[in-house]
Amino acid sequence: MSNEHDKDFDVSGVEPAGPIYGTRPDGFRSGFASFVGRPNAGKSTLTNALVGSKIVITSSKPQTTRTVVRGIVHRPDGQLILVDTPGLHRPRTLLGERLNDLVKTTWAEVDVVAVCFPANEKIGPGDRFIVTELGKIRRTVKIAVATKTDLVSPEQLGQHLLDIAALGAETDTTWAEIVPVSAVSGDQVSLLSDLLLGMLPEGPPLYPDGDLTDAPEEVLVADLIREAALEGVRDELPHSIAVVVEEMNLREGRDADKPLLDIYANLYVERDSQKGIMIGHKGARLRSVGTAARKQIEALLGTPVYLDLHVKIAKDWQRDPRQLRKLGF
Ligand SMILES: Nc1nc2c(ncn2[C@@H]2O[C@H](COP(=O)(O)OP(=O)(O)OP(=O)(O)O)[C@@H](O)[C@H]2O)c(=O)[nH]1
């Protein structure tokens with residue numbers, strides 16, 4: 001490869017950054033938490049209360065949370081990203097089983113899972129099922145949240161907390177905390193925020209200051225694709241690749257219960273030789289990168305995904321301000 005060619009494509013010193021924003025004070029923490037619980041347990045309302053702004057659609061009808069919606073809590077000492085998974089159900093169909101698998105993948109990837117138990121309802125088989133499944137994911141920290149405490153007397157709340165502890169013991173689940181809150185009155189919401197933040201690893205902010213939701217879900221999706229693409233070739237392509245999600249749309253004309261998300265993404269490398277590595281023999285490598293990334297994205301968003309992935313040379317992305325912005329430069 002000639003020097004001139006190199007100069008054309010050289011992006012050394014320009015890191016295709018992951019979504020890392022700003023510097024962090026000492027001890028800054030960042031990471032992901034997910035609220036789970038039976039339908040109507042108050043997960044969305046609690047997400048809103050923590051973020052301090054209405055971002056998740058809440059409803060008195062169960063089962064409205066179909067897709068993962070994130071809220072971001074910005075604090076001087078950390079950044080907490082809330083992932084709202086679809087509910088886990090007793091699987092009756094193969095699709096049901098698959099969706100449950102996706103939920104569990106999300107549980108394994110977040111830092112904390114918070115199980116919500118509405119204080120005004122008795123703990124039942126639905127709760128037991130969720131906690132039993134969650135208990136199998138050993139690595140993830142689990143906390144129990146007694147929600148809607150404004151609806152019950154102190155005596156009822158006391159019994160509810162005992163029942164939650166008993167359920168933990170019965171299912172061999174260790175609750176790192178059991179926290180009563182009311183998202184409606186605001187009682188204990190900031191304590192919950194403190195506790196959740198304390199369970200995150202130290203790390204830099206993952207989102208720009210002021211973002212309440214990660215409207216560009218594209219950022220996370222792009223990161224998952226980038227991770228999959230680097231798998232096995234880290235040494236050859238350390239900082240040389242960047243991913244841009246061009247389009248992300250729910251496919252039209254699908255039944256509401258069979259959504260399909262179309263994602264069109266470009267994977268940028270610096271040189272021809274790297275393009276070859278990325279694509280692999282007869283496209284085999286790119287196909288397996290696509291499959292791996294798709295599974296991760298589906299787990300994250302809770303929706304089946306069609307992923308259209310292309311490899312391009314870096315030349316363009318360095319010069320296209322729109323794309324540079326998308327990449328966080
Ligand atoms: N009184 C009271 N009501 C609450 C509280 N939190 C939630 N609710 C109500 O409970 C209902 C369900 O709340 P959501 O936040 O939508 O519950 P969810 O767990 O996200 O529900 P799904 O999306 O069905 O899984 C809504 O009518 C809320 O207004 C609370 O702290 N106190």
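Me: In which sense do strand 7 and strand 8 pair, and over how many bridges?
Reply: Happy to look, bearing in mind that this is a predicted model. Strand 8 covers residues 261-269, and Glu247 stands opposite its Tyr264. The pairing of strand 7 with strand 8 is antiparallel, and the number of bridges is eight.

Me: Which strands are the edge strands of the open sheet with the order 7-8-9?
Reply: This open sheet has three strands and mixed pairing. An edge strand here pairs on one side only. That description fits strand 7 (242-250) and strand 9 (305-313).

Me: What angle does helix 9 make with strand 9?
Reply: Two helices are worth a look here. Helix 8 (residues 272-279) lies across strand 8 and strand 9, at about 155° to strand 9. Helix 9 (residues 284-301) packs on the sheet and touches strand 8 and strand 9. Its direction and that of strand 9 make an angle of about 135°.

Me: Which strand gives the most to the largest nonpolar core?
Reply: That core has 38 residues, and Ala114, Val115, Cys116 and Val145 touch the most other members. Cys116, for one, has contacts farther along the sequence that include Phe35, Leu46 and Val145. The strand that gives the most, with six residues, covers residues 112-118: strand 4.

Me: How many residues make up the second, separate core?
Reply: In soluble globular proteins, nonpolar side chains tend to be buried together. Here the second core is separate and includes Val243, Leu261, Val269 and Leu309. Its residue count is 29.

Definitions and conventions
Residues numbered from 1 in each chain as written. Predicted model: local features only at pLDDT ≥ 70, side-chain atom pairs only at ≥ 80, totals over all residues. Pairing = 2+ DSSP bridges. Helix = DSSP H or I, 4+ residues; strand = E, 2+ residues; numbered from the N terminus. Contact = placed C-beta atoms within 7 Å. Axes fitted to C-alpha atoms, helices over the stretch in contact; angles between N-to-C directions. Core = buried A, V, L, I, M, F, W, Y, C linked by C-beta atoms within 7 Å. Buried ≥ 20, exposed ≤ 12 C-beta atoms within 10 Å, placed from the backbone. Lists of a residue's contacts leave out its neighbours within four places in sequence.
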